[in-house]
Amino acid sequence: MPHPRSSIRHPEQSAPSERSAQRFHELKRGLDQLEYFCKGTVLKRMMKCGKAQCACASDPDKRHGPYFELTYKANGKTVNVKLSPEAAPLYKAASLQYRKLKTLLNRLEKLSQTILRQQAKLAQSHRD
Ligand SMILES: [Zn+2]
C-alpha cells in the first residue's frame, strides 16, 4: 500500500511508538499462561436409542446420555469425536484455551502490523 510522499517527511511522527511495543510484549506474556488447547467445541447430546418400545422414542426427557462430542472443522468438513464424560471437561477447557489463543494471536498480529508500518515508514524516511 503506497503512501503519498508527504506522509513520510516526518520521521518523528512515524517512529514506532513505545506504547505499541510495550503492549506487544505484554500480550506475548499471555502466551506463557496458555494451557493445552484444542480446536473445536464440546457438545453435550441426549440421544434416542432407536428402539420403538423404549421411553426415549416418545419422551424427550427419557433420552439417553448425556453423550459428549468434540466437533471441529478440518479441510472444510465437520469432524465429530466421541468423548467420555471424564474427557469432556478437559476438552471443554482446552477449547476455551484455543479461543483465547486465537484472540491473542489476532491482537498480536494487528499490533505487529501497526508497528511494522511504523518501522517501514521510519526506514523509508532514513533513505530519503
Ligand atoms: Zn432408548
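**Entry 1: the sheet**

In what order do the strands of the open sheet stand, and is their pairing parallel or antiparallel? I looked this up in a predicted model. The open sheet has 3 strands in the order S1-S2-S3, and the pairing is antiparallel. I noted that S1 (41-47) and S3 (77-83) stand at the edges with a single partner strand each, so one side of each has no neighbour in the sheet. On average, neighbouring strands of this sheet are turned by 35° against each other, with direction ignored.

**Entry 2: the chain as a whole**

I then turned to the protein chain. Its secondary structure comes to 3 helices and 3 strands. Along the sequence I read the pattern α-α-β-β-β-α. Of the 128 residues in the protein chain, 5% are buried. I also looked up contacts between residues at least 6 apart in sequence, and 63% of these join residues at least 24 apart.

**Entry 3: pairing of the strands**

How many bridges pair S1 with S2? I recorded 6 bridges between S1 and S2, in the antiparallel sense. For Lys 44, the bridge partner in S2 is Phe 68.

I followed S2 (residues 64-74) to its pairing with S3, where 7 bridges join the two strands and the run is again antiparallel. Two partners in S3 were entered by name: Thr 78 is the bridge partner of Lys 73, and Val 79 stands opposite Tyr 72.

Is S3 largely in the open or largely buried? The strand has 7 residues and the number buried is 0, so I describe S3 as lying largely in the open.

**Entry 4: two backbone details**

I checked the backbone for unusual angles. In general, most residues other than glycine have a negative phi, and most peptide bonds are trans. I found an exception of each kind.

Which residues does the cis peptide bond join? The bond lies between Gly 65 and Pro 66, with omega at about 5°. I placed Pro 66 in strand S2.

The other detail concerns Asn 75, whose phi is near 50°, a positive value in a residue other than glycine. Asn 75 is found in the loop between S2 and S3. These two strands form a hairpin with 2 residues between them, and Asn 75 is in the turn. I asked whether Asn 75 is buried or exposed. Asn 75 counts as exposed because it has 5 C-beta neighbours inside 10 Å.

**Entry 5: helix H3 and the sheet**

Which strands does H3 touch? I noted that H3 packs on the sheet and touches S1, S2 and S3. The direction of H3 makes about 145° with that of S1.

I chose Tyr 91, which has its place in helix H3, for a closer look. Why does Tyr 91 count as buried? The reason is its 20 C-beta neighbours inside 10 Å. Leaving aside residues up to four places away in sequence, Tyr 91 touches Cys 38, Val 42, Leu 70 and Leu 83. Tyr 91 and Cys 38 are 53 residues apart along the chain, yet their C-alpha atoms are separated by 7.1 Å.

**Entry 6: helices H2 and H3**

My last step was to compare two helix axes. The axis of H2 (residues 18-30) and the axis of H3 (residues 87-127) come within 10 Å and cross at roughly 160°. I therefore entered H2 as roughly antiparallel to H3. The crossing of H2 and H3 is left-handed.

Which residues of H2 and H3 meet? On the H2 side I listed Ser 20, Ala 21, Arg 23, Phe 24, Leu 27, Lys 28 and Gly 30. On the H3 side I listed Leu 104, Arg 107, Leu 108, Leu 111, Thr 114 and Ile 115. The residues of this contact of H2 with H3 divide into 7 nonpolar, 3 polar and 3 charged.

How values were computed: Residues are numbered from 1 along each chain as its sequence is written. This is a predicted model: local features need pLDDT of at least 70, side-chain atom pairs count only at pLDDT 80 or more; totals for chains, interfaces and linings use all residues. Axes are lines fitted to C-alpha atoms, for helices over the stretch in contact, and angles run from 0 to 180 degrees between N-to-C directions. Helices (H or I, at least four residues) and strands (E, at least two) are DSSP runs, numbered from the N terminus. Angles under 35 degrees count as roughly parallel, over 145 as roughly antiparallel, 65 to 115 as roughly perpendicular and the rest as oblique. A crossing is left-handed if the near helix is turned anticlockwise from the far one by less than a right angle, and right-handed if clockwise. Two residues are in contact if their C-beta atoms, placed from the backbone, lie within 7 Å. Ala, Val, Leu, Ile, Met, Phe, Trp, Tyr, Cys and Pro count as nonpolar, Asp, Glu, Lys and Arg as charged, and the others, Gly among them, as polar. A residue is buried if 20 or more other C-beta atoms lie within 10 Å of its own, exposed if 12 or fewer, and partly exposed in between; C-beta atoms are placed from the backbone. Two strands pair if DSSP finds at least two bridges between them.
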